[in-house]
Amino acid sequence: MFAAERRQLILEMVRANGAVSLRELARVVQTSEVTVRRDVRALEAEGLLDRRHGGAVLPGGFTRESGFPQKSHLATAEKTAIADLAAGLVEEGEAIVVGAGTTTQELARRLARVPGLTVVTNSLLVAQALAHANRVEVVMTGGTLRGSNYALVGSGAEQSLQGLRVSKAFLSGSGLTAERGLSTSNMLSASVDRALVQAAAEVVVLADHTKLGTDTMFQTVPTDVITRLVTDEPPPHDDRAATELQALADQGVQIAVAGASGAPPGGEQAPARRAPLPGPRRGHVALRSGGGLEPTGAERGRVADLRRR
């Protein structure tokens with residue numbers, strides 16, 4: 001494929017989806033990430049798109065929200081790995097809330113195997129994934145259906161969450177920065193996500209590396225409210241994503257990286273080295289193979305060393 005054809009295809013993908021990772025672009029145009037990165041720089045120089053951490057977005061600062069059909073095909077392997085790891089945070093008999101999104105939908109598919117679970121959600125896709133699960137109770141919020149992401153939003157959804165108290169909230173979003181926390185491009189979705197957060201004792205954010213450093217219009221979860229971030233391993237040359245993760249860790253967010261390098265096939269992941277998590281507000285998190293997360297004490301805690309690059 002000639003450079004002009006390749007760059008036109010890259011531009012069409014970004015225009016269709018709003019934001020696309022370098023990894024996904026390289027897969028579609030069937031070339032290396034190094035070549036794609038060079039193409040993205042050329043398109044940015046022409047003002048046709050903007051580079052972001054490990055990907056490309058529409059020009060103009062804040063990314064727009066993609067619809068569900070586009071999101072469902074982005075970073076699918078990363079979302080699967082994140083969902084596998086996050087599912088280990090949920091114990092038998094817990095009550096949790098799960099927000100809308102393609103990554104939380106993947107999580108819900110794995111939660112179907114947790115007996116005695118109660119899941120409160122505003123997502124039709126999350127509810128569908130759990131509809132036939134044995135011994136899992138699904139509680140839907142009220143609200144108005146937002147067709148682009150199959151979520152219930154509005155005052156009805158928010159009022160139905162008043163007085164609710166659960167152990168954990170699992171949320172995704174359009175962007176995550178250390179400065180503003182989790183954000184999304186839609187005001188109604190942001191408002192419901194904030195109500196979900198208020199109902200939970202702990203907040204777990206699920207975000208693949210393409211969302212790190214991306215800032216969108218409406219803040220949903222400030223950084224100091226996020227208990228844990230479950231993400232995937234950034235590409236080797238994505239220094240900005242690593243820097244963003246370090247900044248989040250410095251603010252006390254526990255970082256768990258799915259698919260960290262160094263895991264032997266079929267065995268436990270190699271122990272992640274320590275990044276600073278100051279203050280007594282939170283403990284550390286240990287990574288386990290098989291999709292589990294196990295909280296431990298400070299001496300046993302392990303998080304990804306984001307400076308190893």
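Reader: What makes the pair Asp39 and Arg7 a salt bridge?

Author: The term asks for a side-chain nitrogen of Lys or Arg within 4 Å of a carboxyl oxygen of Asp or Glu. Here the N to O distance between the side chains of Asp39 and Arg7 is 2.8 Å, so the pair falls inside the 4 Å limit. This is a predicted model, where local features need pLDDT of at least 70 and side-chain atom pairs count only at pLDDT 80 or more, while totals for chains, interfaces and linings use all residues. Residues are numbered from 1 along each chain as its sequence is written, and side-chain values use heavy atoms, with hydrogens and water left out.

Reader: How do you know that this pair links distant parts of the chain?

Author: Look at where the partners sit: Asp39 is in helix H3 (residues 33-45) and Arg7 is in helix H1 (residues 3-17), 32 residues apart. The helices (H or I, at least four residues) and strands (E, at least two) are DSSP runs numbered from the N terminus.

Reader: Is Asp39 called buried or exposed, and why?

Author: Buried means under 20% relative accessible area, exposed means over 50%, and partly exposed is in between (1.4 Å probe, protein chains only). Asp39 comes out at 0%, so it counts as buried. Its partner Arg7 has 26%, so Arg7 goes down as partly exposed.

Reader: What about Lys168 and Glu94: what makes them a salt bridge?

Author: Their side chains meet at 2.6 Å, N to O, so they pass the same kind of check. This pair also links distant parts of the chain: Lys168 belongs to strand S9, Glu94 to the loop between helix H5 (76-86) and strand S4 (95-98), and they are 74 residues apart. Lys168 is at 9% relative accessibility, so it counts as buried; Glu94, at 12%, counts as buried too. A search of the whole structure turns up 11 salt bridges.

Reader: Why are Arg109 and Glu106 said to be about one helical turn apart?

Author: Because they are 3 residues apart in helix H6. Their side chains also form a salt bridge, at 2.3 Å from N to O. Glu106 has a relative accessible area of 16%, so it is buried, whereas Arg109, at 42%, is partly exposed. Both belong to a salt-bridge network that also takes in Asp84 and Arg110.

Reader: Why is helix H6 called largely enclosed?

Author: Because 9 of its 10 residues (102-111) are buried. Among them are Thr102, Gln105, Leu107 and Leu111. For the whole protein chain of 309 residues, 54% count as buried.

Reader: How do you know that Thr121 is buried, and what does it touch?

Author: Its relative accessible area is 0%, so Thr121 is buried. Thr121 lies in strand S5 (residues 117-121). Contact means heavy atoms within 4.5 Å, and, leaving out residues up to four places away in sequence, Thr121 touches Val98, Val126, Ala127, Val138, Val139, Met140 and Thr141.

Reader: Met140 is on that list, so what is Met140 called: buried, partly exposed or exposed?

Author: With a relative accessible area of 32%, Met140 is partly exposed. Met140 lies in strand S6 (residues 136-140). Along with Leu124, Leu145 and Tyr150, Met140 forms a nonpolar patch on the surface, with about 330 Å² of accessible area together. A patch like this joins nonpolar side chains (Val, Leu, Ile, Met, Phe, Trp, Tyr) within 5 Å, or like charges within 9 Å, from residues with over 30% relative accessible area and no salt bridge.

Reader: What makes a group of residues a nonpolar core, and which members of the largest one touch the most others?

Author: A core is a set of buried Ala, Val, Leu, Ile, Met, Phe, Trp, Tyr and Cys residues joined through side-chain atoms within 4.5 Å. The largest has 30 residues, and those touching the most other members are Leu176, Val205, Leu212, Val221, Leu229, Leu248 and Ile255. Elements giving two or more residues to this core include helix H9 (187-198), strand S12 (200-206) and helix H10 (239-250). Another core, of 25 residues, lies apart from it, with Ile82, Ala86, Ile96 and Ala258 among its members.

Reader: Strand S12 also holds Glu202; why is Glu202 called partly exposed?

Author: Because Glu202 has 27% relative accessibility, and that falls between the 20% and 50% limits. Leaving out residues up to four places away in sequence, Glu202 touches Ser167, Lys168, Ala169, Thr227 and Arg228.

Terms used. Areas by Shrake-Rupley, 256 points an atom, 1.4 Å probe, with all protein chains shown as cover.
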